[in-house]
Amino acid sequence: MVQRKIVILTGAGVSAESGLQTFRASDGLWHEHRVEDVATPEAFARDPALVQDFYNMRRAQGAKAEPNPAHHALARLQADYDGEVVLITQNVDGLHEAAGAKVIHMHGQLDQALCATCGHRWAAPLEMQAQHPCPACNAPTGRPDIVWFGEMPYHMDDIINHLYDATLFAAIGTSGRVYPAAGFVRETKASGAWTVELNLDPSDVARDFDDHIIGPASKTVPAWVDSLLA
């Protein structure tokens, strides 16, 4: 019997119960800053100190976070499922890896740095400065290795191939407002996949899913994984 290929997309809602604010939280780091001021290439060119300080705060917050039951359940699914489980995340934290999962980071990683001049990548220190030098070319253009608004997400060719091959697609803790990720459900449905959304509230693209499981990720994801492994 050919096992199904499961493709899972996770968003900020998966990490919210680990103490990391979602993108549109009513308080915390994102509430204090406009996206246009901290999450665009133009913002970095205009005020690199502000952008670096913002991501330094996020990096410090992320360093204190621990995986929650949703992260552990998805790692267990990858380990125990008799088939392929591809985990794609919009999150820039390392909580999936900390739980033992293998993950494709489409929006970059908070613990990585990128040179805007030569493209070199390296492990980011806890704090980066406004004119952080690149260790490869020494240009003062080190930035967080984060995909900002207006930039192309990483690994898109691989992601699209996985979506076309999926027989089950799940989106967990996503708002359905950020593209191209919000369009993944339609890509998989066009190839005949069954689709399910696990969310605290219905997303903006909830109507595109075949099934919906509503509730906190720490409760719904372990139960859903149990059902797949039963």
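1. His155 is a reasonable place to begin, since at a relative accessible area of 44% this residue falls in the partly exposed class. The model discussed here is a predicted one, and within it His155 sits in the loop that runs between E6 and helix H7 (156–165). The backbone of His155 deserves a look, for its phi is near 60 degrees, a positive value in a residue other than glycine. Most residues other than glycine have a negative phi, and most peptide bonds are trans.

2. Asn138 shows a comparable backbone feature, with a positive phi of about 70 degrees although this residue is not a glycine. Asn138 belongs to the loop between strand E5 (121–123) and strand E6 (142–146), and with a relative accessible area of 60% it is classed as exposed.

3. Ala136 is found in that loop between E5 and E6 as well, and at 51% relative accessible area Ala136 counts as exposed, because the class begins over 50%. Apart from residues up to four places away in sequence, Ala136 touches Cys118 and His120. To give the reader a sense of distance across the model, the C-alpha atoms of Ala136 and Ala217 are separated by 41 Å, and the two residues lie 81 residues apart along the chain.

4. The peptide bond between Tyr179 and Pro180 is cis, with an omega of about 15 degrees. Pro180 lies in the loop between E7 and helix H8 (184–190), where its relative accessibility of 28% makes it partly exposed. When its neighbours within four places in sequence are left aside, Pro180 is in contact with Met106, Pro153 and Met156. Computed along the sequence, Pro180 and Ala190 are ten residues apart, and in space their C-alpha atoms are 15 Å apart.

5. Which residues of the largest nonpolar core touch the most other members? Of the 24 residues in this core, they are Ile6, Ile8, Leu74, Leu77, Ile172, Val221 and Trp224. The core draws at least two residues from each of E1, H5, strand E2 (85–89), E7, E8 and H9. There is also a second, separate core of 17 residues, whose members include Met106, Ile159, Ala171 and Phe184. In soluble globular proteins, nonpolar side chains tend to be buried together.

6. Helix H5 can be followed from its dimensions to its surroundings. H5 has twelve residues, and the distance from its first C-alpha to its last is 16 Å, close to the 16 Å expected at 1.5 Å a residue. The buried residues of this helix are Ala70, His71, Ala73, Leu74, Ala75, Leu77 and Gln78, and the elements that cover them include E1, H1, E2, helix H6 (95–98), E7 and H9. Two of these buried residues can be taken in turn. Leu77, with its neighbours within four places in sequence left aside, is in contact with Ile6, Ile8, Val85, Trp224, Val225, Leu228 and Leu229. His71, which is placed in helix H5, has 0% relative accessibility and therefore counts as buried. With sequence neighbours within four places again left aside, the contacts of His71 are Val14, Ser15, Ser18, Leu95, His96 and Ala99.

7. Helix H9 (residues 217–229) can be checked in a similar way, because its 13 residues should span 18 Å at 1.5 Å a residue, and its end C-alpha atoms are indeed 18 Å apart. Within H9, the residues Ala217, Ser218, Thr220, Val221, Pro222, Trp224, Val225 and Leu228 are buried. These buried residues pack against strand E1 (6–10), helix H1 (12–15), helix H5 (69–80), strand E7 (168–172), strand E8 (194–199) and strand E9 (211–214).

8. What lines the second largest pocket, and which residues lie nearest its centre? The lining is made by 15 residues, of which Gly62, Ala63, Asp93, Gly94 and Asp111 lie nearest the centre. Helix H4 (48–64) and strand E4 (108–115) each contribute at least two residues to this lining. Sorted by class, the lining of the second largest pocket holds nine nonpolar, three polar and three charged residues, and the space in the pocket comes to about 200 Å³.

Technical notes:
Residues are numbered from 1 along each chain as its sequence is written. This is a predicted model: local features need pLDDT of at least 70, side-chain atom pairs count only at pLDDT 80 or more; totals for chains, interfaces and linings use all residues. Side-chain values use heavy atoms; hydrogens and water are left out. On a 1 Å grid over the protein atoms alone, a cavity is a set of points where a 1.4 Å probe fits but cannot get out, and a pocket is an open set with protein on both sides within 12 Å along at least five of seven lines; lining residues have an atom within 4 Å of a point. Grid points are joined across faces, edges and corners, and a volume is the space filled by probe spheres set on the points. Helices (H or I, at least four residues) and strands (E, at least two) are DSSP runs, numbered from the N terminus. Ala, Val, Leu, Ile, Met, Phe, Trp, Tyr, Cys and Pro count as nonpolar, Asp, Glu, Lys and Arg as charged, and the others, Gly among them, as polar. The expected span of a helix is 1.5 Å times one less than its number of residues. Buried means under 20% relative accessible area, exposed over 50%, partly exposed in between (1.4 Å probe, protein chains only). Contact means heavy atoms within 4.5 Å. A nonpolar core is a set of buried Ala, Val, Leu, Ile, Met, Phe, Trp, Tyr and Cys residues joined through side-chain atoms within 4.5 Å.
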